[in-house]
Structure formats: structure tokens, C-alpha cells
Amino acid sequence: MEMRDDTLARSDAMPDAAGRGDIAPVPAPARKVFVKTYGCQMNVYDSERMEDALTQGGYLKTGIIEEADLILLNTCHIREKAAEKVYSEIGRIRKLKQEKAARGETLTLGVTGCVAQAEGEEIFRRAPAVDLIAGPQTYHDIAAMVARAEGGEKVIETEFAIEEKFASLPAPTRQQTIARGVAGFLTVQEGCDKFCTFCVVPYTRGAEVSRSAGQILDEARRMADAGVREITLLGQNVNAWHGGEAGAALRLGDLLHRLADLDGIERLRYTTSHPIDMDQGLIDAHGAIDKLMPYLHLPIQAGSDRVLKAMNRHHTKALYLDVIERMRRARPDMAISGDFITGFPGESEAEFEETLDVVRAVRYASAFSFKYSPRPGTPGAELADQVPEAVKAERLARLQALLGEQQLAFNTACIGKTIDILIEKKGRHAGQLIGRSPWLQSVVTTGEVSEIGQTIAVNVTGAGPVSLMAQRV
Ligand code: 5AD
Ligand code: SF4
């Protein structure tokens, strides 16, 4: 692998290895990489794949930024705040870089992910401390790009080569997968063709591309073999996933059936879905597959049909509510989660209240909600009737109060029930374990560390806004 060559070249160039034939040169310590992830779970998955590629090429992973010789910021461009966070982090790293330089050491800084894709060269201009800019579809080349940047070159790569990315990123080793725990992510689809008028994703991640069923099943088998018991399938439009085999078209429901047949995999989830891709096969899969967890993240964004049209969502409020109803018919204990935006351009008070009506009708178990953030290059940012910040904020506060009540009500309704939880890790105190409920709640209970990875039955005794307490049965 090219980066290994580079690491060796570096140690050969160390001052004490200067041409003495009698003493073997002392190898330089391996360089350490620190990856910081912003934004969505797709970025978490991508960061893991980049770490795999770099550590297999000779780097050591570190969780301490001050120790790092290479820092990668895997960034998010979805809202302005997310993008701005990156620049303040770069400011801090610039100081680390100067301190290291004063000690005669080097620190290489890379910006990857959606800010890299969206801003490109502009990042070098705004932040000269950055050495490498790599968009989300270029990570199959990450080792080679890092090697060039370590050699002093300013490297920028923002091509879309998504099939290549999946085909040539190295699989994690068994040890790497084991170290990541019993619940893992698996990207099955990337990109988006929907072009919601507020969203940068179609521009930063590119067109919708599905990975092949064979590639996904292989990765799932490797994960199961390394002790992973719960897999969350990831995609910006995960339920747009499609595959083909001997002329037969496969959809996400079919893929879930195949994954459920794998030994070792006990739980399946998927996120994020678009309402128009919720086909009946996927809904029926929830009634047929016990391993498929009763939880659906289904963003609606806004409740008014006029606003949904202006957002180019391709669906109405009625279609969304119908999907939820059919889901609950297939699986009565289905928990629903969603995403919401307040203050999209032109949204009136009455239209915002329709969002609250949808929330009351659905009764969400959890949700994410945001003020509209105009993103450069998206049609929404060009609209004339932008809503004032104070109005967006006031609507967000009302929406979040209602969603918060619903989330607490959902959690409180679990008290007294016996539920199965997958034990994921030890808790903060001795003898404490943290597990995950079928509805994605974090559950605090007691037990032995050796039980991590097991599914156990517990009785729920208490509930807070974000977690449950439970006793062993
Ligand atoms: N402003 C506010 N929220 C946004 N989202 C996406 N783009 C924007 C934007 N420009 C939200 C949507 C999406 C989630 C991932 O982020 O709710 O579902
Ligand atoms: Fe963005 Fe809409 Fe695509 Fe989701 S469906 S990634 S919100 S454009």
C-alpha cells in the first residue's frame, strides 16, 4: 500500500539513519491519526473506513488530538452552523501545528466530507493550515492522498467515483470490527436524486447509487463473524436502495429478508427513509421479520402541502400519514421518528401550525428539528420571502416543546413492561450495563461485562427524556 511506502521512506530519512552500514536504523515510531467526525451516521461509517485504510497502511489510531501527526476532519455541510464549527476547529489545530513545527515535527491536516466537497479550493484560501481536501466519494484513495500531503503537496480531490469508493476501500480487519462494538453501521446506498430545495446533499454526495446485494451481504457476514449483533443499514435515501439479480429487481424489503437469514445477526435497522420510497414490500417486511426492529425514522420536514411542494418533497401530508398508518397496521408497536424544519421561506404561522397538527397525529417517539438554514447553491436560498430568525426560533421552540412531551410520554409508557435489550457496553458505575431497546432507547441496567453482545429481558422501572432504567428479570 502506498502509504506504508511513505511511512518507511520517512523513517529512512530520519537523521540517525544517515548512511551507517553497521547499525540497523532505529525505525521511527508509527505516525498517529486522529479522525473527528461531524454530522450524520454516514460520516461515522466513512470515518471508520478511512481509519481502516490508514491503520492497515501503518498508522496508529489515537483518540487524543494533541498526539496526532495526521488529523482528518470529516465534515458536515447540512446547516450553516455545522460548517462553521469546522473552521473554528481548524483554528485550534493551526496552533497545534505551530507548536509541533517549533519542536521540528510535522502535523498534516485534512478536511474530508461534505464541506470539502461543497467548498473545495475555497478551504485552502480561507484556512491555509489545511493540507488535504477530499470529498466523500474519494476515500478509496485516502492513503495515497495522505502520502502526497505528508510529502508537502497541497492535495485536493473532489471527483464523484462512488462505485470505485465501495469496490476498493479495504474491509476492516476482524479486530477492527470487534473493537467497534456489537452494533454497527453498514452503508448500502449513497447520494440523493430528490433535490429537496433546502438540501445540499444532492450536490455534496451526488446522485443516488446503490451497492450490490452481494457486497452488502459479504460485509454483513464479516460483521456477524466479528461479533456484531445489530446492523443499521445506512443511506441518505436508504429505502431507495435497489439491486438486481438474474433479471429480478430487489428492493430494501428483499435485502432485509436476506440479511435476516444470516446467523449471528439478531437485529436490523435502516435509516434515513423518504416517504415516497416506502413501498409495500418494505412495510410488509416489518410484519414478517422479527429481527427488523419496530422503529422508523421518516422525515416529513413540514406539515403544509404548500410548503412541502415548495420544498420539492414529492409527497403530501396525506401520503405521509397513510404510510405511518400502514406501518402501524403491519407492526402495531412501531415507534416513529422524524425530521422537521421551521421557517422554510414563505412559511406562514397557519402553515407552521399544520406541522404541529402532524406531530399531534403521529405521536413521535423521538425527532430532530431545525431552523431553516439557507445553504449556498440550493434553490431555497434564492427564495425572496425568507423568514426572520426570531420567527424561525420561536416556531422551533414550540415544536421542540411538543416533541419533547411526546418523547417523554413514549418513554414513560414503557414503565412496567418487560422488554428485550441488546447489551452494548458497560455503564459509568461499577456493575452497570447500557443496552438498547427495540425502539432505540438507551437502557441502563445491571450485570456483568461478559454479557456485552447478549440480548436479555429486563423490566422497565423508570424513564427519563432520553433513556430508561430497568431491572433484570
Ligand atoms: N436547514 C435546516 N435543516 C436542514 N436539513 C437539511 N437541510 C437543512 C437546511 N438547509 C435537515 C432536514 C434533514 C436533516 C438531515 O437535516 O430535516 O432531514
Ligand atoms: Fe436532502 Fe431531500 Fe435528499 Fe433527504 S431526500 S438527502 S432532505 S434532498
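## A buried arginine, two ligand shells and the cores around them

In this predicted model, Arg 205 is placed in the loop between helix 9 (201-204) and strand 9 (209-210). Arg 205 is a good residue with which to begin a tour. With a relative accessibility of 2%, Arg 205 counts as buried, because that value is under the 20% that marks the limit for burial. The side chain of Arg 205 forms a polar contact of 3.0 Å with the side chain of Glu 190. Beyond its neighbours within four places in sequence, Arg 205 is in contact with a long list of residues, including Met 42, Asn 43, Asp 46, Cys 114 and Pro 136. Gln 137, Phe 160, Lys 165, Gly 191 and Gln 236 are also among the contacts of Arg 205.

The first ligand comes next. Ligand 1 is surrounded by Ile 78, Arg 79, Phe 198, Gln 301, Asp 339, Ile 341, Phe 370, Lys 371, Tyr 372, Ser 373 and Arg 375. By residue type, this shell around ligand 1 divides into five nonpolar, two polar and four charged residues. Three short distances link the ligand to particular residues of the shell. A nitrogen atom of ligand 1 lies 2.9 Å from a polar backbone atom of Phe 198. An oxygen atom of the ligand is 2.6 Å from an N or O atom in the side chain of Gln 301, and an oxygen atom of ligand 1 is 2.6 Å from an N or O atom in the side chain of Asp 339. On its own, ligand 1 exposes 400 Å², and the protein buries 86% of that. Strand 15 (335-342) and strand 16 (366-371) are the elements that give two or more residues to the shell around ligand 1.

Gln 301 deserves a second look. This residue sits in the loop between strand 14 (295-297) and helix 13 (305-310), and Gln 301 is buried, with a relative accessible area of 8%. The phi angle of Gln 301 is near 80°, a positive value in a residue other than glycine. Another residue with a positive phi is Asn 312, where the angle is near 60°. Asn 312 is found in the loop between helix 13 and helix 14 (317-330), and at 26% relative accessibility Asn 312 counts as partly exposed.

Phe 198 belongs to the shell of ligand 1 and also appears in the shell of ligand 2. Around ligand 2, Phe 198 is joined by Cys 192, Lys 194, Phe 195, Cys 196, Cys 199, Val 201, Pro 202, Asn 237, His 274 and Arg 313. The shell of ligand 2 is made up of seven nonpolar, two polar and two charged residues.

Attention now turns to the interior. In soluble globular proteins, nonpolar side chains tend to be buried together. The largest nonpolar core here has 60 residues, and those with the most contacts inside it are Leu 233, Tyr 270 and Tyr 364. Helix 10 (residues 213-225) gives the most to this core, contributing six residues. Apart from this core lies another, of 25 residues, with Phe 34, Tyr 38, Ile 90 and Val 115 among them. Leaving out residues up to four places away in sequence, Leu 233 touches Leu 186, Val 188, Val 238, Leu 252, Leu 255, Leu 256, Leu 259, Arg 269, Tyr 270 and Thr 271. Thr 271 also takes part in a backbone feature: the peptide bond from Thr 271 to Thr 272 is cis, with omega near 0°. Thr 272 lies in the loop between strand 13 (267-271) and helix 12 (280-288).

Two further loop residues complete the picture. Trp 439 lies in the loop between strand 18 (432-436) and strand 19, and at 13% relative accessibility Trp 439 counts as buried. A polar atom of the side chain of Trp 439 is 3.0 Å from the backbone oxygen of Asp 333. Setting aside residues up to four places away in sequence, Trp 439 touches Pro 294, Tyr 295, Asp 333, Ala 335, Phe 410 and Ile 419. The C-alpha atoms of Trp 439 and Ala 285 are separated by 17 Å, with the two residues 154 apart along the chain. Glu 451, in turn, is found in the loop between strand 19 (442-446) and strand 20 (455-463). Glu 451 is buried, with a relative accessible area of 13%, and touches Ile 423, Leu 433 and Arg 472, not counting residues up to four places away in sequence.

Terms used: Residues are numbered from 1 along each chain as its sequence is written. Chains are lettered from A and ligands numbered from 1 in the order in which they are written. This is a predicted model: local features need pLDDT of at least 70, side-chain atom pairs count only at pLDDT 80 or more; totals for chains, interfaces and linings use all residues. Side-chain values use heavy atoms; hydrogens and water are left out. A residue is near a molecule or strand if one of its heavy atoms lies within 4 Å of it. A polar contact is a pair of N or O atoms within 3.5 Å; within protein, one must be able to donate a hydrogen and the other to accept it, and residues adjacent in sequence count only if both atoms are side-chain atoms. Accessible areas come from the Shrake-Rupley method with a 1.4 Å probe; for residues, only the protein chains shown count as cover. Helices (H or I, at least four residues) and strands (E, at least two) are DSSP runs, numbered from the N terminus. Ala, Val, Leu, Ile, Met, Phe, Trp, Tyr, Cys and Pro count as nonpolar, Asp, Glu, Lys and Arg as charged, and the others, Gly among them, as polar. A nonpolar core is a set of buried Ala, Val, Leu, Ile, Met, Phe, Trp, Tyr and Cys residues joined through side-chain atoms within 4.5 Å. Buried means under 20% relative accessible area, exposed over 50%, partly exposed in between (1.4 Å probe, protein chains only). Contact means heavy atoms within 4.5 Å.
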